[in-house]
Amino acid sequence: MAPSTLFRSEEMSLIQLYIPAEVSQPCVAELGELGKVQFRDLNPEVNAFQRSFVSEIRRLDEMERQCRFFQAQLEKSDIPIRPLTTATRARSAQEVDDLEETLREHEGRVSQMNSSYESLQRRYLQLTELRHVLRESSSFFQQAGSRQDTIRNSIDDQDETAGLLDNDVEQQNYDGDNVKLGYVTGVIARSRIQTFERVLWRSLRGNLYMNSAEIDEPIIDPDNSDVVDKNVFAIFAHGPEILAKIKKISESLGGTLYSIDDSEDKRRDALLEVTSRIEDLNNVLSTTNQTRRSELLKISENITAWTTIVKKEKAIYHTLNLFNYDSNRKCLIAEGWCPTNDIASVQQSLKNATDASGTNLPSILTELHTKKTPPTYHRTNKFTEGFQGIIDAYGMARYREVNPGLFTLVSFPFLFAVMFGDIGHGFLMFLAALYLVLNEKKLSQNNGEIFKMFFGGRYMMLMMGLFSIFTGAIYNDIFSLSLNTFKSGFDLPSNYTSTESVEALPNGHVYAFGLDPAWHGSENFLLFTNSYKMKQAIVIGVIHMSFAICLNVFNHIYYKRKAFVWLEFLPQILFMESIFGYLIFCIMYKWSVNWWELDADGNHIHNAPPNLLNMLIYMFLTPGTVNPEEQLFKGQGPVQAMLLLVAVVCVPWMWFAKPFYLKREASQHHYETIAHDEAEIDGEEHAGGTSNEVDDEEEEEEFDFSEEMIHQTIHTIEFCLECISNTASYLRLWALSLAHAQLSSVLWDMTLKIWFRMNGAIAVIGLVVGFSMWFVLTIGILLCMEGLSAFLHALRLMWVEFDGKFYNGDGIAFEPFTFASVLETSAE
């Protein structure tokens, strides 16, 4: 049994379970709590509606609907839901039946009270609107009475020669001397009152008198509980046809019509009666609402536990549908993948479930031998989870291949810090991450989408902050300023003015750690750091990629492909080191030589320092020859010629060796397979027995030499080109580091430094305002925006430049049956 490490994924075993039907539900519940088994579907040909536990799942679907109904009612009533404080255990069949009955009773009571409350609300709405109609109608009828003569005269004065109106229904049987106005009263939404008026005017040709008034009391719509502004209207016109048309238009625009008497005394009596009925209805509504709220308060105490139980039971039966039922043994047969190290835990969980049920029938676990590809499972904790998530986002590791997540723990925050190096900025990031770490129990309840992203990467941010402090100490950079911690290696002249340029002279000391503070503020500071950080980026990049190529050896040895070490790894590493490894050596050698050293006569011992970029170019253009004036070391020409020869030889080595080796292996395997099959047939004729072999083995792909040759050609060209492009890609470390330092310097100079030259109250006010601007911009630009930029660039280097050298990333993720993931998915 292999130990659990992050270097490789966990060893997986295919297990077979024989679970008695009587204890199948509690056994699967225990395995769901454990979360270490990924079950296989043993009924792939059976559709979802023909499986064994469809009726139970439908029953639980109905219970889940009821729980969602209760949650919606609680949210609508602004009643807080009590969170789950203790873990819920698996329930017996009787307990599930009792819960089903409880949910049905609660739903019946709540639905009945909702129906009663809604009908009472509608009646209250009608009475309220009728009260306003009765209250406003007195003034409406008075105004209409005063205008009755005007309406009669307007009708008599109409043009009698208008032929279009001769047969109009509104003019038929009209007696001008006996005009009696009819009326329509009601309520309509305020937003539609103008449309209502225009439609009436145009459809009735102005033969009406309309008046309206706003209802100052808020009207609540019982259907959606929204507050609606409404107006009371009264329309006076003559003729039953016109009145019928007015009623149709009112109803089509959502108006509600109310019939009232034209007698003022009767309207007054009706108003008193309606007011009395509203008061009685208010009391009934209050009582109904209190009863309904009391019922919902009882439900809110247990709704979370009920929902959790229902979801767990539903997940259990979905899992049971994956099993086979053995009618002879009266048991369920299950197969699934499990980490080998957790088989004992699975057995203990099955034993606990059997003991708790009080039966003497044990569950049996056997380990199967198979050639199927197991899923990939990396055992992580809260510290390594975020780093492993970065790798899984690129691609799930192939089973038992080298996991880049282990090296990401250090290399990712270091690459980030190379671009983000600043003691002050790193310390602020460290403090923010430290707050998340120290308060993780409290903050884990926050379900904000953006916050959860930062919270999940809290340990990653902690490491990034620590490494940024380290690289900031190397750069000797804290908020664009320097620290004079140790004795400087340069001395400045004692007598000079601030307007003149002076030269700092070496004093024989070497600054103990990091960049000498004498460089900060010097005229050639950018020139020096530009050269240093560019070469540093190349050195880091080549070492990083060389290490990634070396990790191929561990994969080749584990998968028993030791020949690939000679056929693939060796030419790759030789090609890489003969060109770019040699470039690193030249960088280190150039740094180690004092090119301005003088001899006893005062002459330069060495020639001028050569340009390494030109040296690398001419290494290919003029192999074996080096200009003496640009020579780095003696014998440089023959060494470069030899290295170039090695690089050229490695190309056909990578190109042809592996395909021809695989072709030979495929031919030998073909003959061995035929002989093996014949031996198995002979053995089966003379012997019998049982074994734990799985009969659904994966078929091996037939070897195709032309396809392998094409693949290897692409791979060789890609590797050779990527050695150049990926090395250049690491120059982003140099570019972002310079950009971060210069932006920090500009921010300091533009917001704070300018106020140090002033005196008096202006300086004080300016410092307060300047510090506020500096702090806000530092957090917003340098920490958030620059931090995100450095994070993405470091992620690119890890995924493409590092993982691309050895990581296949074509594995299958291990997805065990666990209640935690079921509840988390349903919560989202």
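Asn476 sits buried in this predicted model, with a relative accessibility of just 3%. This residue belongs to the loop between α14 and β12 (490-491), and its backbone stands out a little: phi is positive, at about 55 degrees, although Asn476 is not a glycine. For background, most residues other than glycine have a negative phi. Ser480 is found in the loop between α14 and β12 as well. Here too phi is positive, at about 70 degrees, and Ser480 is not a glycine either. With a relative accessible area of 14%, Ser480 falls under the 20% cut-off and so counts as buried.

How far can the model be trusted along the chain? Confidence is a mixed story. The chain averages a pLDDT of 86, and 90% of the residues score at least 70. Helix α14 has the highest mean pLDDT among the elements of the chain, at 96, while helix α4 (residues 148-156) has the lowest, at 52. Then there are two stretches where pLDDT stays under 50. One of them covers residues 158-178, for which the model has 22 contacts beyond four places in sequence. The other covers residues 684-691, and for that stretch the model has zero such contacts.

Helix α14 turns up again in the second largest pocket, which holds about 1600 Å³ of space. Its lining takes in 45 residues, and those that lie nearest the centre are Gly386, Lys452, Met453, Gly456 and Gly457. Six helices each supply at least two lining residues: α9 (385-394), α11 (423-438), α13 (449-456), α14 (458-475), α21 (761-802) and α22 (819-827). Of the elements involved, α21 gives the most, with seven residues. As for chemistry, the lining divides into 24 nonpolar, 13 polar and eight charged residues.

Away from the pocket description, Glu64 is a charged residue that is found in helix α2 (residues 54-76). Glu64 has a relative accessibility of 14% and therefore counts as buried. Setting aside neighbours within four places in sequence, Glu64 is in contact with Val310, Lys311 and Lys314.

Finally, the cysteines. With a pair of sulfur atoms required to lie within 2.5 Å, the count of disulfides comes to zero. Two of the cysteines can be placed by their accessibility: Cys27 is buried, at 0% relative accessibility, and Cys331 is buried as well, at 6%.

Definitions and conventions:
Residues are numbered from 1 along each chain as its sequence is written. This is a predicted model: local features need pLDDT of at least 70, side-chain atom pairs count only at pLDDT 80 or more; totals for chains, interfaces and linings use all residues. Side-chain values use heavy atoms; hydrogens and water are left out. On a 1 Å grid over the protein atoms alone, a cavity is a set of points where a 1.4 Å probe fits but cannot get out, and a pocket is an open set with protein on both sides within 12 Å along at least five of seven lines; lining residues have an atom within 4 Å of a point. Grid points are joined across faces, edges and corners, and a volume is the space filled by probe spheres set on the points. Helices (H or I, at least four residues) and strands (E, at least two) are DSSP runs, numbered from the N terminus. Buried means under 20% relative accessible area, exposed over 50%, partly exposed in between (1.4 Å probe, protein chains only). Contact means heavy atoms within 4.5 Å. pLDDT is the predictor's confidence in each residue, from 0 to 100.
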